[in-house]
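Let's take a walk through this one, with an eye on how far to trust it, how two of its helices meet, and where the empty spaces are.

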Amino acid sequence: MVVPSLKLQDLIEEIRGAKTQAQEREVIQRECAHIRASFRDGDPLQRHRQLAKLLYVHMLGYPAHFGQMECLKLIASPRFIDKRVGYLGAMLLLDERQDAHLLITNSIKNDLSQGIQAVQGLALCTLSTMGSAEMCRDLATEVERLLLGPSPYVRKKAVLTAVHMIRKVPELSDIFLPVCAKLLHERHHGVLLGTITLITELCERSPAALKHFRKVVPQLVRIFRTLVTTGHTTEHSISGVSDPFLQVQILRLLRILGRNHEESSESMNDLLAQVATNTDTSRNSGSAVLFETVLTIMDIRSAAGLRVLAVNILGRFLLNSDKNIRYVALTSLLRLVQSDHSAVQRHRPTVVECLREPDASLSRRALELSLALVNSSNVRAMIQELQGFLEYCPLDLRADCASGILLAAERFAPTKRWHIDTILRVLTTAGAHVRDDAVANLTQLIGGAQELHAYSVRRLYSALAQDISQQPLVQVAAWCIGEYGDLLLEGSCEETEPLQVEEEEVLALLERVLQSHMSLPATRGYALTALMKLSTRLRGDNNRIRQVVSIYGSCLDVELQQRAVEYNTLFQKYDHMRAAILEKMPLVERGGPQVDEEAKESKEAAPVSTDPQASKLLDLLDLLDGTSGDAQQPPPLDPSPEGTLIHLLDLPCAPPALAPIPNLKVFEREGLQLNLSFVRPPGTPALLLITVTATNASEGDVTHFVCQAAVPKSFQLQLQAPSGDTIPAQGGFPMTQLLRILNPNKAPLRLKLRLTYNHFGQSVQEIFEVNNLPVETWQ
């Protein structure tokens, strides 16, 4: 029994009534077979009904490509009911990847030439949806003619089609420039909105069009003022605001026309001030217009008072009950904090209140803005608020908050003691979420503050006695106790409460760290080294320390075992040298541009020997006795094989040193710069080591920085872990990452990099290829 073909409504009901996916597929396969048979029969009266069913099947995700040619037949039909379904099918089933889409160009041209508005509207909608560059070039003159037609319905659709054409083929802008000037006198809001959109596209893609339309800024201001001052019409009014869509689009166009242009900005200042002061923000439509006004004020060369007014409007947005409006305000203030820092600072209490928002996106934006507002005058109050937020903030924000506090404290710390206290509180609260370099930075800070050694070791000892779960805190405390354990036992610090500590208590605490299951191997290494250093700081017997060290000589962790074996050897064979070897660490100067320049100058000023063998021998003498200035110049070496020192000692001949490879700058944007330095180890010439160094000279920190690399298949690439994911502003510590590339075939090297990061509150992604690598990297 042959099942008859279903009507569209019956097909929808049967598909929705299917209980399983298999039943649904069965219904669709059966109906698609009927549709194919109907297409083969060529019944013109049933073709549009069959195609309508096929389009519904296509919307469900099933293949419907066999209906493409039927769309062309329906479009060429003289009946409107066929054209309507045919154009709908063309918009759904055809695109630029299908060659069949070019076949409807002639049909669209014929329909545009007809005087029937409904048919012209269908053709224009299809052209604006799936028109390719070739179709746009062929039909541009037809669309231009319709832009000045008598029907507002057709003019509105023609303007939107022109927008699509400009996006596809920017060189067509010259065709539509004269028409846009005439359409600005249009009274129909739909046509005027499309015209403003078309002018915006032209200005964004053509400098000549931007210069041309700057002359119509007074006319745009008059149109906008008419919208604001005239009474509201029922047709265009939304929540008491006269056509907010048109107002927003005009403001966006004014923002483009007034950017970096003094005269245009001056002509729109009064209008922007009027809108900023008179717009009702009790409804979303008014808030949308006011927000676009603020963006326009900030983007053009507006007066200083107007910019302050815009920042105050954003401050009022922060008090709005709508979360979306508060989020928009926080994002906008974050963009303005660098250019109008003092104006944004007035709303600091409101921004800090937003930290307590339960919404994660709001609290994240408030955190980023709060960190951007920190400066030398408010650092104490702001860091105190941020530390309070750190205690209860969500786990996904804790790492960003801790890193931000550490960076702000490093830049604006009023005193070293306050800096140390701030880092200690962060380590105590969220030690597991701090950056990788937090331990090194704090130990360097404590080591450079000689007057705070006793204070620091006492604070760290007390914190360690209370909690040994925060690994960075434990590592810093172990390092500090090992270096300054003698000051801990003296009890002579006046800046802290009296603390009486016995030697046995200190040793027991470090043993507790070593035995804790929460301690990482690196933390145990810190504790073991601290115990070893205390053997020269404490006055008591060292037998307990010897026993602990000897136990870890058979530890499963290779690093910890090696340390313990070396320390045991110090006790057994080199006990007379132990005190000298375990002296306090010297002060390490922080690296910076000035230090690097001085090192470079001193390196250039040093005399270089012309004989490589003689220079190697001099370096060897320097290492042995440290008196290179008094060392006697060795006699010239005999070039014969019998007289060479290398053959006498039966040493392998060292390979010649490779020439240094120059560094290469591969990326720079808004202060963020990426440099590559290259090293080829002499022993493995097929291996290339590339060090990626990212520096940030801008005013804002670069966070969540990720660098990914790719090479051709003939290479082998290994990416090492980066030094961090945050690049501090104003030339702070750079981020480095090592790339190991193996090139066994010595083929020319090509490198593709992808960078993702957050800068000034915006997420940035850059993908680029590096083809200009020095030939020394692969030859």
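Below come notes on confidence, one helix pair, the main pocket and the cavities.

## How far to trust it

Keep in mind that this is a predicted model. The average pLDDT over the chain is 83, and 89% of the residues reach at least 70. The stretch to be wary of is residues 591–655, where the pLDDT is below 50. Leaving aside near neighbours in sequence, that stretch makes 20 contacts in the model.

## Two helices side by side

Helix α27 (residues 471–490) packs against helix α29 (residues 521–537), with the axes 7 Å apart and an angle of about 10° between them. Angles under 35 degrees count as roughly parallel, so α27 is described as roughly parallel to α29.

Who touches whom? On the α27 side, the contact residues include Val474, Ala478, Trp479, Ile481 and Glu483. Across from them, α29 brings in Tyr526, Ala530, Lys533, Leu534 and Arg537, among others. Sorted by class, the residues of this contact come out as nine nonpolar, five polar and four charged.

## The largest pocket

The largest pocket holds about 1100 Å³ of space. Its lining takes in 48 residues, and those nearest the centre are Leu371, Leu407, Asp701, Thr703 and Thr726.

Which elements build the wall? Helices α18 (323–336), α21 (360–373) and α23 (395–412) each give two or more residues, and so do strands β6 (702–710), β8 (735–742), β9 (751–759) and β10 (762–770). Helix α23 provides the largest share, with nine residues. As for chemistry, the pocket lining has 20 polar, 17 nonpolar and 11 charged residues.

## The closed cavities

How many cavities of 30 Å³ or more are there? The count is three. The largest cavity has about 100 Å³ of space. It is lined by 12 residues, with Leu406, Glu410, Ile423, Ala438 and Asn441 closest to its centre. Helix α23 turns up here again, giving two or more residues to the lining along with α24 (416–430) and α25 (438–448). This time α25 has the largest share, four residues. The lining of this largest cavity is made up of six nonpolar, four charged and two polar residues.

The second largest cavity comes in at about 40 Å³. Around the second largest cavity sit Arg680, Pro685, Ala686, Leu688, Asn743, Lys746, Thr777 and Trp778. That lining splits into four nonpolar, two polar and two charged residues.

Terms used. Residues are numbered from 1 along each chain as its sequence is written. This is a predicted model: local features need pLDDT of at least 70, side-chain atom pairs count only at pLDDT 80 or more; totals for chains, interfaces and linings use all residues. Side-chain values use heavy atoms; hydrogens and water are left out. Axes are lines fitted to C-alpha atoms, for helices over the stretch in contact, and angles run from 0 to 180 degrees between N-to-C directions. Angles under 35 degrees count as roughly parallel, over 145 as roughly antiparallel, 65 to 115 as roughly perpendicular and the rest as oblique. Contact means heavy atoms within 4.5 Å. Ala, Val, Leu, Ile, Met, Phe, Trp, Tyr, Cys and Pro count as nonpolar, Asp, Glu, Lys and Arg as charged, and the others, Gly among them, as polar. On a 1 Å grid over the protein atoms alone, a cavity is a set of points where a 1.4 Å probe fits but cannot get out, and a pocket is an open set with protein on both sides within 12 Å along at least five of seven lines; lining residues have an atom within 4 Å of a point. Grid points are joined across faces, edges and corners, and a volume is the space filled by probe spheres set on the points. pLDDT is the predictor's confidence in each residue, from 0 to 100.
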